[in-house]
Structures are given as C-alpha cells and as structure tokens.
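Let's take a friendly walk through a protein model, stopping at a few helices, strands and a loop. Keep the structure in view as you read.

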Amino acid sequence: MIAIENLSVTFGAGQRQIRAVRGASFAIPRGEIFGLVGESGAGKSTVLRALAGLVRAEGRIEIAGKAMTARRGRTDLRRIQMVFQDPYGSLNPMHMVDRILAEPLAIHRLDDVDRRIGQALAEVGLGREHRFRFPHQLSGGQRQRIAIARALIAGPEILLLDEPTSALDLSIQAEILNLLRRLWRAHGLTMLLVSHDLAVIAHMCQRIAVMNRAEIVEILPVERLRRGEADHPYSRALLAASYETGETANPGRRRAALEQDRVSFNQAPG
Amino acid sequence: MTETPILAVEDLVVRYRGQHRETIALNGISFVLGRERLGIVGESGSGKTTVGRALLRLLPPRTEVTARRLDFAGQDLRALDEAAMRNIRGRRISMVLQDPKFSLNPVMTVGRQIAESYRVHHKASRKEARERALAMLEELSIREPGKVFDLYPHEVSGGMGQRVMIAMMLVPEPALLIADEPTSALDVTVQAQLLTLIDALIRRRGMALLLISHNINLVASFCDRVMVMYAGRVMETCRAADLAEARHPYTRGLLACRPVVDETREELATLARDPRWLEAAEP
C-alpha cells in the first residue's frame, strides 16, 4: 500500500543544511499498522509529512502502486489522511465541529453532507450535540476524536498518525487507541503510527521501524520487540530505557533492572 | 520513615477564587513525609501540582490556602511571614519544574546561575560559589564541568538543561526536593538516566523527595510510596512495591489502561469514573 525507497529530506541549504531523513526505505502492505519509533529529532514526523506530500523529498514514494510526484491529484490526496499530535493546534479555533467536518467533504466534492457528518461523529463515539460546538468547548480527548473524524470523513485508505495520544492523559489515551483499532478493523485501513512511546507502538503495530538520527536503524516484528530481541544497539538502548521508566507489565522485572543500575551507578568513580 | 517527619500535611484545602465561581483545587489532602521518596500521581486537573505549589506558597493571588497542619521540619509553615518563607524556598525546600527551557535565565551562563543560587542562600565568595557549582555539575555526571559552566541555556540539550536545573536546586543543600514532572519534556533514554541521577543524589544527601508525575509506573519505579490523586483528593496511598495489589478502582484503572511493551492485549481497559470516589476518599 505504501512503499518508500531511499527517501531523503533536507532542510536549508549550504552550511546550515540539515538532513532530516537519510535514505529511508520500507514497504507497508494493505491493512497493516506500521510503527515508527525514535526520540525527538530522529526524523519520524518528517517521514510522515513526506508521505502526505507536505514536504519535498528525494527518493521514491509509492502509494497504492502509484509513484507520487510533487504535484498530487485529488484522488491521491483523498487516499491518505493525517492526524496530528495536538488536537487543539490542529483544529481551527474559530470553526465549529460542523464546519471542520464539512471542509474535507467540500474539497473532495462529496454530497450528503448531513448524513456523512452524523455518521463520522457516531463512528468516533460522539453525538449530535457535539456538532455545533467550538474546539474550546470540547475536552482534549473529544478534540482528538474530532481530528480523527475529520481524517476519516472523506473515506481514506491510509491514516498517518503523528503522536496521536501523547498530549492526552493515560486513561484518555487508552480510549483513543481502542477507537483507532476499532476503526482500523472496520475500514480495513493501512496505518502508519509515529510515537516516542514503545508501549503504544507495541500495542498497536505489527511491525516497527526504529529511527535514530535521520536513519532507520532497524525494522522488526512486534513479537521480537516484546521479547526484547532488538539487534541494533540503539533499539536495545531505547528498549532498556522504557523498561526503566515503567512501560512494562512486570514491576518486579523493572525493579530488578533498576537496582542493578543503582549498583553500577554507585560503583562509578566520583 | 524516621522519627520526626520532614513534612506533615493535614487537611490541606486550596480554593481558587474566580470572578464568578470558586474552584476547589485541593479538597483535604493529608500526608506525612519522612526521609523517603513519595510519588504523587494523577491525571491533569487532579491537583498534584497544586500540592507542591501550596507548600512553597507559590500560588497566584486570590487563592485561599487552609490546613489544619502544615509542618516542615517541625516548623509551622502557616505561621511564617514572607521574609521567613523566602528562607525556606530554595534553601530548605526546592523545586524542579518540567521544562528547563522556561525555567533557566536565557541571558546568563548556566554556571553563574548555579553559583548565584548558592550565594543567595549562603555567605560565600564568588570563587567559593563557583567551586561549589563546578563540584555540583560534576556530581551530576557532567563530563567537562568547566566547559559547561560557561555555556548559555540555549547551548545545552534538554537533558543537560534539566541537570543544570537540578544542580541549581540542590546546591543550597535543601532538605526536601519537589520534582514536578522533572523528565516529562525529555526523551525516554535521557529520562531514565536523569531519574537515576536524582535518586542517587537524594540518597547520598539523606534528603526527602516529592516526585509529581502523571506516569504511575515511572513513579512506582523511583519512589518508596505512591499517593494517587483524583479531583483534588487522595484516593489511595500505598507502598510502591505493593502497587500491583492497589485496592482503589481508580488506581487499578490507571494501571490497567496503560499499554505495556511485553504484553498482548486486544483492547485496553478504560476508566469508568465513579462519582462516589469523591465522597469515599481516603481520610
């Protein structure tokens, strides 16, 4: 469904040039949830933005078997939609939910607006009463539901998710992740999820690409991640850190790992 | 817990007075803190940050703070005037905030900021303060303290900036450190390093730590006890090691709704909030 080959993105020119993504390649079959994990500045979001056509990239991008060029047609744009991290920043504060959801329909010249908006709201677990509200009248979780409804309303095949839950409380994160999985199953979507949280990625994805300093260092299936079997030293370090900060199930294992750390810290000179 | 508690709080109530309505941010919080590490966990709006700010009297004007008891090292914090309070803040109780980008002075080298923090609270020459600051940086595992001393905040990374903040807060040798989401703005690999570092320093100096965070698992790994807050009340306090056997449905819900790396689940548990939690809070 999605294939990128030797994708590179550079910002700026000359001495101040920054290579945000260097030679990234992967292929995502239809119906897979693929994860992109890494720390801030690794280039995860830039890969997503290149796929959505928001930044200029070198290399090959293929979506639904079709090579993408700098200018994309309406059918190509409709196929791929994006959900951003901060729902407050990504929804126009001056527009009511009704208008936010009507806009993609107008752009893609879809009719039956009333029914589609009602259905989109119902699908993300909101009711009619939310249709005529402004973003500031909604909670963070509800706002992210609106952002998801907006992404889905024109019937895309691919959903790009850029840290969709990292601005939310844990209990709300659980609701949104459950919702995304339900929608994925119901619509047979292909999803690309970017997150810094390994636990979120492991919960949602079938395969995971680990990014570090603009490069994909490793692509591994989730089962191997769960067993802690990453090959690349950077992936291992990332995994170890998330054990320590408590992203694992077993507190005993976490504590043991931590005690070991303390010992080595105390033995360090100084 | 030791003989004399460092902190004893009983029935702490904080009300924010707006023009039209009053918001109760804390609704009767009580806890005792010894030379230990206590974690305060809760979701946004639970009042966890207000606890730290109320202790240091850092709340905005028109906020009403009442408590039956608010003792720090045997001293009644309620009775202190502003001058005496200034002696407590920074000197005896200090606070590390979430994002070093906003809490460091951008036009002063990080080293001078640490040295200043020492000189505000101790009679010392510039030279002595500088030495203290350098020693502190070294204690925080900064490799070339002399070099880092002369850097401006924008020249250091997020993790380094937060170490500088911690150095500033610990150099006056306080008895209690309040860390409010100290690592939430940082990458995971840096988070673990920094928390291990804070932990080692706290232990070495025999200080008390109040770690405020939204991440219940993180708090459980780094603290002795965990206090779970919801809507301005304490739902439950338990030993971190016993968190898996927590009784309160809110605590259990918080633990269950988080995805974990080494477990497969089709659906994540969601939290059903029960209005009765607000009545049946822990005494």
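## Before we start

Two strands count as paired if DSSP finds at least two bridges between them. Keep in mind that what you see here is a predicted model.

## A buried strand in chain A

Let's begin with strand β3 of chain A, which covers residues 33-37. Five of its five residues are buried, so the rest of the structure largely encloses β3(A). Both of its faces are covered. On one side you'll find I33(A), G35(A) and V37(A), and on the other F34(A) and L36(A), all of them buried.

Which strands does β3(A) pair with? One partner is β8 of chain A (residues 190-195), joined in the parallel sense over five bridges. There, V37(A) has S195(A) as its bridge partner. Another is β9 of chain A (residues 207-212), also in the parallel sense, this time over four bridges. Here L36(A) is matched with A209(A).

## Helix α7 and its surroundings

Now look at helix α7 of chain A, residues 170-187. It has 18 residues and reaches 26 Å from its first C-alpha to its last, close to the 26 Å expected at 1.5 Å a residue. Its buried residues are L170(A), S171(A), I172(A), Q173(A), A174(A), E175(A), I176(A), L177(A) and L180(A). What covers them? The cover includes α6 (140-152) and α8 (198-204) of chain A, together with α10 (249-256) of chain B. Just after α7(A) comes G188(A), which takes a positive phi of about 55°.

How do two packed helices get described? By the angle between their axes and the distance between the axes. The axes of α6(A) and α7(A) come within 10 Å and cross at roughly 20°. Angles under 35 degrees count as roughly parallel, so α6(A) and α7(A) are roughly parallel to each other. The crossing of α6(A) past α7(A) is right-handed. If you want to find the meeting place, look for G140(A), G141(A), Q144(A), I148(A) and L152(A) in α6(A). They meet I172(A), E175(A), I176(A), L179(A) and L183(A) in α7(A).

## A six-stranded sheet in chain B

Over in chain B, six strands form an open sheet with mixed pairing, in the order β7-β8-β9-β3-β10-β11. At the edges stand β7 (93-96) and β11 (233-239), each with a single partner strand, so one side of each is left without a neighbour in the sheet. On average, neighbouring strands of this sheet are turned by 20° against each other, direction ignored.

Start from the β7(B) edge: four bridges join β7(B) to β8(B), and the two run parallel. In this pair, S94(B) stands opposite L177(B). Four of the five residues of β8(B) (residues 176-180) are buried, so this strand is largely enclosed by the rest of the structure. Five bridges then link β8(B) to β9(B) (residues 208-213), again running parallel, with I178(B) partnered by L210(B). At the other edge, β10(B) (residues 225-230) and β11(B) pair in the antiparallel sense over six bridges, and M229(B) stands opposite V234(B).

## A loop residue to finish

Is H95(A) buried or partly exposed? This residue lies in the loop between α3 (87-90) and α4 (97-107) of chain A. H95(A) has 14 other C-beta atoms within 10 Å, which makes it partly exposed. The C-alpha atoms of H95(A) and F132(A) are 9.4 Å from each other, while the two residues are 37 residues apart along the chain.

Terms used:
Residues numbered from 1 in each chain as written. Chains lettered and ligands numbered in written order. Predicted model: local features only at pLDDT ≥ 70, side-chain atom pairs only at ≥ 80, totals over all residues. Expected span 1.5 Å × (residues − 1). Buried ≥ 20, exposed ≤ 12 C-beta atoms within 10 Å, placed from the backbone. Contact = placed C-beta atoms within 7 Å. Axes fitted to C-alpha atoms, helices over the stretch in contact; angles between N-to-C directions. Parallel < 35°, antiparallel > 145°, perpendicular 65-115°, else oblique. Left-handed = near helix turned anticlockwise from the far one by under 90°.
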